[in-house]
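Please look over the sequence and the model before reading on. The paragraphs below begin with the whole chain and then turn to single residues.

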Amino acid sequence: MTLTRHITKRPKKTDTASNRTIGGFRKKSIQLKTARGRKNSSQRWLQRQLNDPYVQEAQSLGYRSRAAFKLIEINERFDLIKPNSIIVDLGAAPGGWSQIAAQMIAEKKGRGAVFALDLIEMDALTGVTFVQGDFLEPEIKQKLRDLLPGPVDFVMSDMAAYTTGHSGTDHLRTTLLGEMAFSFALETLKLGGDFVAKVFAGGTHKELLDLLKKHFKTVKHFKPPASRKESPETYVVCLNFQP
């Protein structure tokens, strides 16, 4: 099955909670047999995972995570991944975005490559060079920069701080990671390169947004359909880097 088919047939949700439609086929809701030993929050999360059409489709297609569909949808809208793209994936684990980017490059028989970084370990992927470490540590960022063959075409960041349960704090911590990702993009992007980063409810802070608009010809917020409606996440998409 080719990636082109994957892109053209994304999971489609019905309006009912009890049934889901994926690729034209309706799937019945799965009910947990027992909640013994589970907290209510864990029970709700597991029930949602079992009945999430993107989770089910990701499993059937061999994707590392449902987040793979977010990048597919972002790329469909903005055409970011080219055959010869040099791509950096920040916050890569478990590898959903790196997997899609590497597959797109391979299917187009390009000479591009993906360089991924995350704090936690990630299983190897063909066409992806992985660095494990804390992105906030200067020596880890330098290690990643040293691997790059030259200026980068596309920096993508799906990084999010570990949630505290306090929306304001979580927003600020994820915004900080977005700012750090932008700083890295400034140092590594080539002329005309692109940048995408996750932000939380409220969008991008005005100071950062002003900086982005100063360095990119086009800056937009985009929430891909694969992002859960109840999730506060969205993505800032920055096109055509101007140093």
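Eight helices and nine strands make up the secondary structure of this protein, which is shown here as a predicted model. The chain has 243 residues, and 50% of them are buried. About 12,800 Å² of the protein is exposed, and carbon and sulfur atoms supply 53% of that area. Among contacts with a sequence separation of 6 or more, 64% are between residues 24 or more positions apart.

Confidence comes next. The average pLDDT of the protein is 81, and 73% of the residues score at least 70. Residues 1-35 have a pLDDT below 50, although this stretch has 67 contacts in the model beyond near neighbours in sequence. Residues 40-50 also have a pLDDT below 50, and beyond near neighbours in sequence that stretch has 17 contacts.

Helix α3 covers residues 53-61, and it is largely enclosed by the rest of the structure because seven of its nine residues are buried. Those buried residues are Pro 53, Tyr 54, Val 55, Gln 56, Glu 57, Ala 58 and Leu 61. Just after α3 comes Gly 62, which has a positive phi of about 80 degrees.

Helix α4 spans residues 67-78 and contains Lys 70. Is Lys 70 buried or exposed? Its relative accessible area is 9%, and buried means under 20%, so Lys 70 counts as buried. Leaving aside residues up to four places away in sequence, Lys 70 touches Trp 97, Pro 224, Ala 226, Ser 227, Glu 233 and Tyr 235. One of these, Ala 226, lies 156 residues from Lys 70 in sequence, yet the two C-alpha atoms are 5.4 Å apart in space.

The loop between α4 and β3 holds Asp 79. Asp 79 is not a glycine, but its phi is positive, at about 55 degrees. With a relative accessibility of 45%, Asp 79 is partly exposed.

Strand β3 runs over residues 86-90 and includes Asp 89. Which side chain of opposite charge is nearest to Asp 89? It is that of Arg 64, at 9.2 Å; Asp 89 is buried and has no salt bridge. A salt bridge would need a side-chain nitrogen of Lys or Arg within 4 Å of a carboxyl oxygen, so the 9.2 Å to Arg 64 does not qualify. The side chain of Asp 89 does make a polar contact of 2.6 Å with the side chain of Ser 98. Apart from residues up to four places away in sequence, Asp 89 touches Trp 97, Ser 98, Val 114, Phe 115, Ala 116, Leu 117 and Met 156. Trp 97 is thus named among the contacts of Asp 89 and also among those of Lys 70.

After β3, the chain enters a loop that leads to α5 (96-107), and Pro 94 is found in this loop. The peptide bond between Ala 93 and Pro 94 is cis, with omega at about 5 degrees.

Towards the end of the chain, strand β9 takes in residues 234-241, including Asn 240. What is the phi of Asn 240? It is near 65 degrees, a positive value in a residue other than glycine. Asn 240 counts as partly exposed, with a relative accessibility of 29%.

How values were computed. Residues numbered from 1 in each chain as written. Heavy atoms only, no water. Helix = DSSP H or I, 4+ residues; strand = E, 2+ residues; numbered from the N terminus. Buried < 20%, exposed > 50% of the residue type's maximum accessible area, 1.4 Å probe, protein only. Lys, Arg positive; Asp, Glu negative; His and termini not counted. Polar contact = N/O pair within 3.5 Å; in protein donor to acceptor, adjacent residues only side chain to side chain. Contact = heavy atoms within 4.5 Å. pLDDT = per-residue confidence, 0-100. Areas by Shrake-Rupley, 256 points an atom, 1.4 Å probe, with all protein chains shown as cover.
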